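Okay, everyone, let me put this one up on the screen. I'll talk about some helix packing and then some aromatic rings.

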Amino acid sequence: MRKPLIALIAATAVALVGCVTINVYFPEAAAQKAADQFIGNVLDESGASKPPSGKDTEQARPAPGKQPSASLLDLVIPAAQAAESPDIQVRTPETDAIRARMKARFGGQLKALFDSGAVGFTADGLVAVRDAGALTLDQRSQADGLVKQENNDRDTLYRAIAAANGHPEWEPQIRKTFAEGWVQRAPPGWYYRDASGAWKRK
């Protein structure tokens with residue numbers, strides 16, 4: 001009776017190991033840190049915002065999401081689980097070029113559009129014109145062009161980060177992490193659109 005039971009436990013352990021080796025979880029805390037560094041570099045170094053005084057970057061971030069509780073999986077294969085905990089890498093020639101273009105835009109006309117409330121961040125990590133009526137026709141045309149350029153870079157950035165880490169399927173989670181980071185690092189008075197589509201002022 002004991003032999004079949006032992007065999008069943010062994011088979012279960014093997015199955016659990018197989019699950020871990022093919023299912024790499026998204027490293028949320030590492031992604032938050034990487035996003036905060038990228039966003040801080042764009043906004044702070046372009047002069048669009050100032051980092052929180054008296055606090056370092058990590059303290060300014062909210063606590064990472066709830067960590068998974070201990071389970072049989074943790075007890076059986078902790079080493080395998082640790083091996084599947086990659087960091088997020090955001091430095092590639094492509095992302096460096098995107099960051100430089102973003103810094104140039106935020107250091108110029110895009111910052112003025114955010115300051116005036118004409119443009120704001122969106123819940124999907126992009127930017128959008130919030131109040132076209134506050135702009136002249138010429139300004140509206142320029143704003144549309146800047147927003148299009150910015151969003152093209154943002155879409156490319158999120159895809160590039162996911163691809164650089166060998167997990168294209170992480171793009172939606174990377175986008176969500178960056179979307180939250182842009183709002184958190186935005187200066188007071190800037191607008192953002194939440195998941196329900198409502199515009200709010202920070």
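I'll start with one helix pair and then go through the ring pairs.

Keep in mind that this is a predicted model. So, the helices: H2 covers residues 28-45 and H9 covers residues 171-185. Their axes come within 9 Å and cross at roughly 45 degrees, which makes H2 oblique to H9. The handedness of that crossing is right-handed.

Who's touching whom? On the H2 side we've got Ala31, Gln32, Ala35, Asp36, Phe38, Ile39, Gly40, Val42, Leu43 and Asp44, and they meet Thr177, Phe178, Gly181, Trp182 and Arg185 in H9. Sort the H2 and H9 contact residues by class and you get eight nonpolar, four polar and three charged.

Okay, rings. How many aromatic pairs does the structure hold? There are 10. Let me pick out a couple.

Phe26 and Trp170 are edge-to-face, with 5.4 Å centre to centre and 75 degrees between the planes. Look at where they sit: Phe26 is in the loop between H1 and H2, while Trp170 is in the loop between H8 and H9, so this pair ties together parts that are 144 residues apart in sequence. And are those two buried or exposed? Both Phe26 and Trp170 are buried.

Then there's Phe114 with Phe121, a tilted pair at 4.6 Å centre to centre, with 40 degrees between the planes. Phe114 and Phe121 are buried too.

Last bit: ring pairs join Phe114 and Phe121 with Phe106, Trp182 and Trp190 in a cluster. You've already met Trp182, on the H9 side of the contact with H2.

How values were computed. Residues are numbered from 1 along each chain as its sequence is written. This is a predicted model: local features need pLDDT of at least 70, side-chain atom pairs count only at pLDDT 80 or more; totals for chains, interfaces and linings use all residues. Side-chain values use heavy atoms; hydrogens and water are left out. Axes are lines fitted to C-alpha atoms, for helices over the stretch in contact, and angles run from 0 to 180 degrees between N-to-C directions. Helices (H or I, at least four residues) and strands (E, at least two) are DSSP runs, numbered from the N terminus. Angles under 35 degrees count as roughly parallel, over 145 as roughly antiparallel, 65 to 115 as roughly perpendicular and the rest as oblique. A crossing is left-handed if the near helix is turned anticlockwise from the far one by less than a right angle, and right-handed if clockwise. Contact means heavy atoms within 4.5 Å. Ala, Val, Leu, Ile, Met, Phe, Trp, Tyr, Cys and Pro count as nonpolar, Asp, Glu, Lys and Arg as charged, and the others, Gly among them, as polar. Rings of Phe, Tyr and Trp (its six-membered ring) pair if their centres lie within 6.5 Å; planes under 30 degrees apart count as stacked, over 60 as edge-to-face and the rest as tilted. Buried means under 20% relative accessible area, exposed over 50%, partly exposed in between (1.4 Å probe, protein chains only).
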